[in-house]
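Visitor: Hi, could you walk me through this one? I'm new to this, so plain words please.

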Amino acid sequence: MAQEAAFSIILMTPEWAERLTQNVANAARVDARLVLTYSKDMAAGLWKLNGEPIILSKTGKVLSGRLRLHACVKAGKPFPTLLVENI
């Protein structure tokens, strides 16, 4: 039986984000300006849960959310997010 998608609201830590950034599906260049903008909000505690999920494949590969993950690492602060797994 195939594993079904799982949805949860979690607090993404910089350590977890760092591990996830090592396994991304999209190898395109990271937009450093956007990462900086996001990280400043995260560091200041201004990042809010907004419904944009971090999406992981069935093998744990990041399908969506890599800029937010990079920003979390840069800020050194956790952030709340919707996590969708097994896609």
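Guide: Happy to; we'll go through the sheet, then the helices, then a couple of single residues.

Visitor: Anything to know before we start?

Guide: This is a predicted model, where local features need pLDDT of at least 70 and side-chain atom pairs count only at pLDDT 80 or more, while totals for chains, interfaces and linings use all residues. Residues are numbered from 1 along each chain as its sequence is written, and side-chain values use heavy atoms, with hydrogens and water left out.

Visitor: Cool. What order do the strands of the sheet have?

Guide: The order is E1-E4-E2-E3, in an open sheet of four strands with mixed pairing. The edges are strand E1 (6-12) and strand E3 (62-64), each pairing on one side only. From one strand to the next, the twist averages 35°. On the words: helices (H or I, at least four residues) and strands (E, at least two) are DSSP runs, numbered from the N terminus, and two strands pair if DSSP finds at least two bridges between them.

Visitor: How many bridges join E1 to E4?

Guide: Seven, and E1 and E4 run antiparallel. Ser 8 has Leu 83 in E4 as its bridge partner.

Visitor: And E2 with E4, parallel or antiparallel?

Guide: Parallel, over three bridges. Here Pro 53 has Leu 82 in E4 as its bridge partner. On the other hand, strand E2 (residues 53-56) pairs with E3 in the antiparallel sense, over two bridges. Leu 56 stands opposite Val 62 in E3.

Visitor: Helices now. Which strands does H1 touch?

Guide: Helix H1 (residues 14-21) packs on the sheet and touches E1, E2, E3 and E4. Its direction makes about 120° with that of E1. Contact means heavy atoms within 4.5 Å. Axes are lines fitted to C-alpha atoms, for helices over the stretch in contact, and angles run from 0 to 180 degrees between N-to-C directions.

Visitor: How do H1 and H3 cross?

Guide: The axes of H1 and helix H3 (residues 66-75) come within 8 Å and cross at roughly 135°. That makes H1 oblique to H3, because angles under 35 degrees count as roughly parallel, over 145 as roughly antiparallel, 65 to 115 as roughly perpendicular and the rest as oblique.

Visitor: Which residues meet there?

Guide: From H1, Pro 14, Ala 17, Glu 18, Leu 20 and Thr 21 meet Leu 69, His 70, Cys 72 and Val 73 in H3.

Visitor: Which H3 residues are buried?

Guide: Arg 66, Arg 68, Leu 69, Ala 71, Cys 72 and Ala 75 are. Buried means under 20% relative accessible area, exposed over 50%, partly exposed in between (1.4 Å probe, protein chains only). What covers them includes E1, H1, helix H2 (32-43), E2, E3 and E4.

Visitor: Why does Ala 71 count as buried?

Guide: Because its relative accessible area is 0%. Leaving aside neighbours within four places in sequence, Ala 71 is in contact with Val 35, Tyr 38, Ser 39 and Met 42. The C-alpha atoms of Ala 71 and Met 42 are separated by 7.6 Å, though the two are 29 residues apart along the chain.

Visitor: Last topic: where is Asn 86?

Guide: Asn 86 is in the segment after strand E4 (79-85). Asn 86 counts as buried, at 16% relative accessibility.

Visitor: What does Asn 86 touch?

Guide: Not counting residues up to four places away in sequence, Asn 86 touches Gln 3, Glu 4, Ala 5, Ala 6, Leu 56, Ser 57 and Lys 58.
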